[in-house]
Amino acid sequence: MTAMPVGAPTGRAWTMVERNLLIYRHTWPVLLAEIFEPMLYLVAFGVGVGLLVGDVPGLDASISYPRFVAPALLATAAMNGAMNETTFNMYGKLTTDKTYESILTTPMSVRSVALGEVLWALVRGSVVATVFLVVVSVFGLAELPGALLVVPGALLIGFAFAALGLLTVTFLRSWQDFQLIQLVMLPMFLFATTFFPLDVYPRPVQVLVEVLPLYHSVELIRAAFLGTGGANPVVAVAYLAVLGTVALAVAVRRLENTLRP
Amino acid sequence: MSDVSAVLIEARGLKKVYGRPGDKTGFTAVDGIDFQVRRGEAFGVLGANGAGKSSTMRMIACVSPVTEGSLRILGWDTGRDGARIRARLGVVPQDDTIDSELTVRENLLIYGRYFGLSWKVLRERSARLLEFARLTEKAGDAVATLSGGMRRRLTIARALINEPEIVLLDEPTTGLDPQARHLLWERLFQLKQDGVTLLLTTHYMDEAEQLCDRLVVMDAGKIVAEGTPAELIARHTLREVLELRFAPGERQVMIEKCRGLAERIEELPDRLLLSTDNGEETLSAVHRQGVQPLTALVRRSSLEDVFLTLTGRSLLD
């Protein structure tokens, strides 16, 4: 018997990334749009609103509003990129395109397909995070080399939200359900200390915000961006790692039932 | 493995029930079937829609777990060694599942990557398979520009990228025009000549007669007949069939008059089929009864008649 490399199902996950790289050879401008979106927000809110509000109350006076907003926008971009990949793009492949159906007639396992899609979300996320970081550094909004920690931070956010998206997609019944995802994502984007610090809220609201995964993502990136340490990034890393791991494990089990009926 | 009559696929009491495990209300798609497929054979599974063909194929492809019974492929158990078996199978699914985001050639390349084949090997193989599928000129095109026949040929080429020992084809020519079908049959025949074992489902009887060495007929999840096409025709039909068409108004009266004129009468929505050993004699008998059909045709019995006898509404006289 010839030795087939079937013993390492996760090793094959990389081929899902290769598939996506082949596709992005034709459609790479999509990635540019993803990089430009947080930049536009930064100009509109960071600079525009920043001119009105000056420095952010409650924070160190040396922190300008653009420097406050930029890391939150990066965290959001990492979140959206990963979520879009494993919800919107993956739903199409699961339903209309039946992409996975043909992939799963090969030795690929459901697990390697799922891990592969998460891996691809991470590859994309790291490109977006790196370009964004370079641009804002040029404008003096981030302090290198400490701010380089933003890239692994963005990867962790990408992992957590890609896994969360993967879990979400197993519950979707139709394209209309994407409205429900938006109903959660948009308020989270607005309230997870993206545009104003936590202490502007009364305590009960603060607790709600502190539960949100985007809040921890913003905490993590902001700490790396501004070079402030503290306990918050440690909590954020633990929160995102646990969230991602649990979501991924449950999602793979649910996908197994959907894809191998 | 060198034994030419080696059994490659063996199903015993194979059963597929959809629904939660232990749930009694599940739908039974395959209801305890037994069959064997030997090396180099072209084996057909015939049946109407919903007979259980596709469920059987999905279990053989190791993409759908077996509910009950045993299914061994290449000596391995489908439940334990699914990935190992899939590595040696080529699968042509019923719906085209070509990767619409990739070009024709990229489809072959990336599919080979799922098998863990190197890019070097794949560049050589994809060129050869594009030639086999007569798609060399289309190599760089988006798959959306392909016709139905081309898409199906690409799906078959894709299924061959791992040089499989067994190729599974689920209704390979459904929805194709006659020219595309004949080209596809010719390519499948070529594969068979090359020693590849073919397992195909179809509801086209001419396809089964053209391609299959041996076949089973499925109905409601069970195998109702098994044999070579010629054996099945000999066993389940008479030599000839007389086909009669009537004007809509007098149809029922004429059908009543025909009763007793042939050993078996099949009533189809558009015509009446009389199974007989001698079509011309039966036609004379029909005329003597005063029956005036719009058209009358005597032809050789085909697998379609076997199929109708075994699975359709049959009026046995």
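**Close-up 1. The lining of the second largest cavity in this predicted model.** Six names are worth finding here: B:Glu266, B:Leu273, B:Ser275, B:Asp305, B:Leu308 and B:Thr309 line the second largest cavity. Two elements of chain B, β13 (272-276) and α11 (303-311), each give two or more residues to this lining. Of these, α11(B) supplies the largest share, with three residues.

**Close-up 2. Volume and residue classes of the second largest cavity.** Stay with the same view a little longer. The volume of this second largest cavity is about 40 Å³. Its lining is made up of two nonpolar, two polar and two charged residues.

**Close-up 3. The largest cavity, with a lining drawn from chains A and B.** From chain A come Thr99, Ser102 and Ile103 (A:Thr99, A:Ser102 and A:Ile103). Chain B adds B:Asp99, B:Asn107, B:Ile110, B:Tyr111, B:Tyr114 and B:Arg158. The elements giving two or more residues to this lining are α4 (99-103) of chain A and α3 (104-114) of chain B. If you are looking for the element that gives the most, go to α3(B), with four residues.

**Close-up 4. Volume and residue classes of the largest cavity.** The largest cavity holds about 50 Å³ of space. Sorted by class, its lining has four nonpolar, three polar and two charged residues.

**Close-up 5. An overview of the cavities.** To place these views in context, a search of the whole structure finds three cavities of 30 Å³ or more. The views above show two of them: the largest, at about 50 Å³, and the second largest, at about 40 Å³.

Definitions and conventions. Residues numbered from 1 in each chain as written. Chains lettered and ligands numbered in written order. Predicted model: local features only at pLDDT ≥ 70, side-chain atom pairs only at ≥ 80, totals over all residues. Heavy atoms only, no water. 1 Å grid on protein atoms, 1.4 Å probe; cavity = no way out; pocket = protein on both sides within 12 Å on 5 of 7 lines; lining within 4 Å. Points joined across faces, edges and corners; volume = space filled by probe spheres on them. Nonpolar A, V, L, I, M, F, W, Y, C, P; charged D, E, K, R; others polar.
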